[in-house]
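Please work through the exercises below with the structure open beside you, and try each task before reading its solution.

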Amino acid sequence: MTDLFINDECVLEDVRLILLDKDGTIIDIHHYWGSMLKERAQLIVNRWFSDSDVQIRIFNELIDVMGFELESGRTKPEGPVGVKPRPFIVKVATEVVFKNGVTTDEEEIEKLFKEVDLQTANNILPFLKVLPGINVFIKECHEQGLQLGVVTTDITERGRKALQALEMENYFQYIIGGDQVKNPKPASDSVDIILEQSGIERDKTAVIGDHAVDLEMGITSKIGCNIGVLTGLGTRESFSPNTCHLIDSFKQLSLRT
């Protein structure tokens with residue numbers, strides 16, 4: 001039997017499955033989405049706006065509405081990127097283009113997003129910075145025979161590509177992106193899919209994430225333990241309404257038999 005500890009406190013006995021968010025939990029969300037949104041915004045302005053002054057203004061507007069602060073270099077806590085599913089990001093980007101005099105639709109913007117996906121797929125590693133303690137914890141879970149899953153609002157294929165680039169994919173039995181569920185976080189759909197596939201009991205499962213929606217998902221799913229990690233978008237204040245444990249980084253987590 002393996003127990004999950006935060007420092008010297010046991011927070012879940014006989015843990016068998018741990019579900020992790022991706023952005024802000026496994027990788028640095030600010031670096032990843034800042035880089036990715038710049039690629040998307042640049043492709044959009046190159047497509048429809050030729051004047052350089054207009055390009056700069058609309059580029060900045062796109063980055064802002066998609067959820068990144070250029071001045072601080074940080075993803076907005078409220079998102080939408082990193083919090084809302086991809087179709088929502090496509091929608092707000094489409095609205096910016098349409099507002100600036102170009103008649104287009106969400107399907108066309110999604111095509112440009114997919115073009116960015118293709119351009120970055122074979123060299124995604126520069127977009128990824130692993131957060132402290134993750135590699136050690138994931139390997140420890142593997143050695144103890146625990147099952148691992150990633151639950152992300154990003155599309156599944158990009159989640160998989162990220163784990164492949166980081167040489168982590170083999171540690172994870174489940175990868176569920178926002179494109180695989182009808183209701184994204186904070187709904188329980190993603191967790192329910194993994195629990196059904198794994199056959200593991202809810203009270204033997206832990207959810208770890210950097211945003212309140214991750215913990216709300218776990219609470220809604222009635223799983224055994226919810227842990228908020230302060231490496232991404234969440235703060236102690238934003239987590240406070242939820243019944244969960246808080247850690248500064250994965251270095252505080254350990255498994256004991």
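Four exercises follow, each with a worked solution, and they concern a predicted model.

**Exercise 1.** Determine how helix 2 and helix 3 are oriented towards each other, and which residues make their contact.

*Solution.* Two packed helices are described by the angle between their axes and the distance between those axes. For helix 2, which covers residues 52–66, and helix 3, which covers residues 86–99, the packing angle is about 150° and the axes lie 9 Å apart. Angles over 145 degrees count as roughly antiparallel, and helix 2 and helix 3 are therefore roughly antiparallel to each other. The crossing in which helix 2 passes helix 3 is right-handed. On the side of helix 2 the contact is made by Ile58, Glu61, Leu62, Val65 and Met66, while helix 3 contributes Ile89, Val92, Ala93, Val96 and Lys99. Sorted by class, this contact has eight nonpolar residues, two charged ones and no polar ones.

**Exercise 2.** Explain why Cys10 and Cys225 are not joined by a disulfide, and state how accessible each of them is.

*Solution.* A disulfide requires two cysteine sulfur atoms within 2.5 Å. The cysteine sulfur closest to that of Cys10 belongs to Cys225 and is 8.8 Å away, which is too far for a bond. Starting from Cys225 leads back to Cys10 as the closest partner, at 8.8 Å. The count of disulfides by this rule is zero. As for accessibility, Cys10 is partly exposed, with a relative accessible area of 29%, whereas Cys225, at 3%, counts as buried.

**Exercise 3.** List the buried residues of helix 8 and identify elements that cover them.

*Solution.* Within helix 8, which spans residues 212–220, the buried residues are Ala212, Val213, Asp214, Leu215, Met217 and Gly218. The elements covering these buried residues include three strands, namely strand 6 (147–151), strand 8 (205–209) and strand 9 (225–229), together with helix 7 (189–198) and helix 9 (236–239). Following the chain onwards, one finds that Lys222, just after helix 8, takes a positive phi of about 60°.

**Exercise 4.** Place Ser249 in the chain, decide whether Ser249 is buried or exposed, and find its contacts.

*Solution.* Ser249 belongs to the loop that runs between strand 10 (245–247) and strand 11 (253–256). The relative accessibility of Ser249 is 13%, and because residues under 20% count as buried, Ser249 is buried. When residues up to four places away in sequence are not counted, Ser249 touches Pro132, Val229 and Thr231. For Thr231, the separation from Ser249 is 18 residues in sequence and 6.5 Å in space, taken from C-alpha to C-alpha.

Definitions and conventions:
Residues numbered from 1 in each chain as written. Predicted model: local features only at pLDDT ≥ 70, side-chain atom pairs only at ≥ 80, totals over all residues. Heavy atoms only, no water. Axes fitted to C-alpha atoms, helices over the stretch in contact; angles between N-to-C directions. Helix = DSSP H or I, 4+ residues; strand = E, 2+ residues; numbered from the N terminus. Parallel < 35°, antiparallel > 145°, perpendicular 65-115°, else oblique. Left-handed = near helix turned anticlockwise from the far one by under 90°. Contact = heavy atoms within 4.5 Å. Nonpolar A, V, L, I, M, F, W, Y, C, P; charged D, E, K, R; others polar. Buried < 20%, exposed > 50% of the residue type's maximum accessible area, 1.4 Å probe, protein only.
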